[in-house]
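I'm opening a fresh page for this one. I'll jot down which strands pair up and how the chain gets from one to the next.

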Amino acid sequence: MSDQPLFTPVRLGSLELRNRIVMAPLTRMRASSIDHVPTDLQLEYYVQRASAGLIVTEATAISPEGFGWADTPGLWSAQQVRGWRRVTDAVHEAGGRIVAQLWHTGAISHPDVRNGAQPLSASDVDVQHQTVTPKGRKPTVVPRAMTEEEIRQTVGDYARAAHNAMEAGFDGVQILANYLYLLAQFLNRRTNRRSDRYGGGIENRARFLFEVVEAVLDEIDPSRVGVKISPMHEGGPFAANDETLPMAEYAIRELNGYGLSHLLLMGNTTDFTGTPLEPLMGDGMFHHFRPIFRGTLIANTGMDAERGNRLIETGFADMIAFGRPYIANPDLVERLSHGAPLAEVDWSTVYGSGPQGYSDYPSLRLAAV
Ligand SMILES: Cc1cc2nc3c(=O)[nH]c(=O)nc-3n(C[C@H](O)[C@H](O)[C@H](O)COP(=O)(O)O)c2cc1C
């Protein structure tokens, strides 16, 4: 197809992948709104993108308690497992590989999507963000701090979701540990004010993440388990502080010990200038963490073929994940290999409903007809 590094085969844990292009996880809100089961539309959308070396699904709730965003899918019920099985079978038939991204929204939720219940988090700190309810976007509220018993149950919910993912035919799972969601709320000093063994210093705040990883590894071989994590600078309590980088370094260094399939590392999506993360802007993120993480490193954010090829060639990444480009380019692999132009995203339909702006972006061949 092409002798560019992006198009060379690669071994990811126990999987042989035909290229080094990853479809990054993208929440698109096309699951059924009542029972959170993947729909035929999602099946069609993922099959259209099956030429990626690996697809990471949209964030998928591990439990009713972890569900916090309207019209997103789950992985806790038999019906959801059956729905996902149809998707994974179809992707495999099309020659693709697909892993499920495991999600607990924590405080990025709202009583409106939780039958009136207060969202859960590490502590009662409002993350000052927005979430999507059936009635549209709403500001987050003050969450309730989880009890130790609830933490134990949640660790168990991750394990059950991982088990369900294998029942549903996935090639593995990816644990979502960054952005602003539950695991990140435990890692961040400003949203974790606990005084028990899950709060305080860096090691205590990371304890929940490692308990989750270990519980998932009780269900699935490490060669099929990845983690998405990276230091970020966002609004409110998620503004980068002097512990953001040391925490990410500690967590990523410790993850080495588990022999995981991969680490998905996001570059900066916001301007790090003037923050402790400033040296990590651009490729700085990958230069910093490549020597720390010894397994397969997937670099993400603002990639194009030239940058992706360079990062692989220079050894700073093993694979490259594309998020936004996959929204409007189901045949991204073919387009990149031919140096063809990329279609633009219609942002008004990204979080819409139905096929428009979802499964109706044409592939290049169709676009040319
Ligand atoms: C519409 C949209 C939805 C996203 N949903 C998720 C998600 O469900 N899980 C996740 O880890 N990241 C999510 N992301 C982040 C992307 O996976 C990716 O990390 C980010 O867009 C940067 O990559 P890019 O520059 O190639 O788009 C989302 C991004 C966008 C634009």
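**Strand notes**

I looked up strand 13 (residues 297–300) and strand 14 (residues 319–322), and they pair in the parallel sense over three bridges. I should keep in mind that this is a predicted model. For one contact across that pair, I noted that Asn-300 has Ala-321 in strand 14 as its bridge partner.

Next I asked myself what the sheet holding these strands looks like. I found a closed barrel of eight strands in the order 3-4-5-10-11-12-13-14, with parallel pairing. On average, neighbouring strands of this sheet are turned by 25° against each other, direction ignored.

Then I went to strand 4. Which strands does it pair with, and over how many bridges? With strand 3 (residues 21–23) I found two bridges, and the two strands run parallel. Here Val-22 stands opposite Leu-54 in strand 4.

On to strand 5 (residues 98–103): strand 4 pairs with it over five bridges, in the parallel sense. I picked out Val-56, which stands opposite Val-99 in strand 5. To get from strand 4 to strand 5 the chain passes through helix 2 (residues 78–93), and I wrote down this β-α-β crossover as right-handed.

Last check: is strand 4 buried or exposed? Eight of the eight residues of strand 4 (residues 54–61) are buried, so the rest of the structure largely encloses it. For the count I used the cut-off for buried, which is 20 or more other C-beta atoms within 10 Å of a residue's own.

A reminder to myself for viewing side chains: in a regular strand they alternate between the two faces of the sheet.

Definitions and conventions:
Residues numbered from 1 in each chain as written. Predicted model: local features only at pLDDT ≥ 70, side-chain atom pairs only at ≥ 80, totals over all residues. Buried ≥ 20, exposed ≤ 12 C-beta atoms within 10 Å, placed from the backbone. Helix = DSSP H or I, 4+ residues; strand = E, 2+ residues; numbered from the N terminus. Pairing = 2+ DSSP bridges. Right-handed = clockwise from strand over helix to strand, strands pointing away. Axes fitted to C-alpha atoms, helices over the stretch in contact; angles between N-to-C directions.
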